Amino acid sequence: MLICIPDVLSKSDVAEFRRIMDAAGWEDGRSTAGAQSALVKRNEQLPPDSDVARALGNRIISALTSNPRFVSAAIPLQIFPPLFNRYVSSDGHHFGVHVDNAVRGDHLTGMRIRTDLSVTLFLSEPEEYEGGELVIEDNYGSHEVKLPAGHLVLYPASSLHLVTPLRAGMRVASFFWLQSMIRDAHARSMIFDLDSAIQSLVERLGRDDPETVKLTGIYHNLIRYWAEV
Ligand code: NI
């Protein structure tokens, strides 16, 4: 399931991110790629251990953990320190079809996670570049994603995906992975649907409606049943 989360960062946050990133040093994106993906990856990234990447990454994580729709969709256990990449049309940048590594380790923090969900947070407006669509393949076909700056897409890390070649401009994004408390994607999706329905009922009937309270209890009991913490 693909889930888009709007307005994770404000436009002014995005502008500040871009100013800081423009002034930073960039390196070949293959430094963080697995053996298969290194063969098809052509882009640049901020050095993952750099102060700039860590500081901006921490801002993203705090924005995410206070975003109810993100938390409801991902039920995150651990979020990998966000990475930052850019694709430049004049350099023929693209990222061919690949699958993300199943396990990711961060040597600075010692964090090691199973990558359940992949995240791309767009930091360029769609008008700033041509091409550069994120294409994600799932059981229902292949989906092209290009979102406004500050919005993100969550998608299964197990899916094959690619970034089409840039034809003009520059595409800047943050990308990272997370381990969810709910490993099973189907269970996670049902819990998200249930939560969305409960939130709509709360708006119509109020938080103290007896049936709403009962459904909220079921929501928590399903998490209790499935969560690995
Ligand atoms: Ni990938």
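**Exercise 1. How many residue pairs are in polar contact between domain 1 and domain 2?**

Solution.
- Start with the model: this one is predicted.
- Find the domains. The assignment for the protein chain places domain 1 at 3-180 and domain 2 at 185-226.
- Count the polar contacts. Two residue pairs qualify, both at pLDDT 80 or more.
- Check for salt bridges. The rule finds zero across this interface.

**Exercise 2. Describe the contact between the two domains, and say which residues of domain 1 supply the most buried area.**

Solution.
- Take the separation. The C-alpha centres of domain 1 and domain 2 are 30 Å apart.
- List the participants. Nine residues of domain 1 and five residues of domain 2 make the contact.
- Take the area. The domains bury about 600 Å² between them. Carbon and sulfur atoms carry 64% of it.
- Rank the contributors. Ser 72, Ala 73 and Ile 75 give 61% of the area domain 1 buries against domain 2, more than any other three residues.
- Place them by element. Helix H4 (residues 68-74) provides four residues, the largest share of the side of domain 1 that touches domain 2.
- Sort that side by character. It holds five nonpolar, two polar and two charged residues.

**Exercise 3. Which protein atoms are donors of the nickel ion, and why does the histidine pair tie together distant parts of the sequence?**

Solution.
- Name the donors: His 98 (NE2), Asp 100 (OD) and His 161 (NE2). They lie 2.1 to 2.2 Å from the nickel ion.
- Write the spacing along the chain: H-x1-D-x60-H.
- Locate the histidines. His 98 sits in strand S7 (residues 94-98), and His 161 in strand S15 (residues 161-163).
- Conclude. The pair therefore ties together parts that are 63 residues apart in sequence.

Definitions and conventions: Residues are numbered from 1 along each chain as its sequence is written. This is a predicted model: local features need pLDDT of at least 70, side-chain atom pairs count only at pLDDT 80 or more; totals for chains, interfaces and linings use all residues. Side-chain values use heavy atoms; hydrogens and water are left out. Domain bounds come from an automatic or database domain assignment. Contact means heavy atoms within 4.5 Å. Buried area is the accessible area (1.4 Å probe) that two parts lose on being put together, summed over both. A salt bridge is a side-chain nitrogen of Lys or Arg within 4 Å of a carboxyl oxygen of Asp or Glu. A polar contact is a pair of N or O atoms within 3.5 Å; within protein, one must be able to donate a hydrogen and the other to accept it, and residues adjacent in sequence count only if both atoms are side-chain atoms. Helices (H or I, at least four residues) and strands (E, at least two) are DSSP runs, numbered from the N terminus. Ala, Val, Leu, Ile, Met, Phe, Trp, Tyr, Cys and Pro count as nonpolar, Asp, Glu, Lys and Arg as charged, and the others, Gly among them, as polar. Donors are N, O and S atoms within 2.8 Å of the metal (3.2 Å for Na, K and Ca); water is not among the atoms, so sites may look incomplete.
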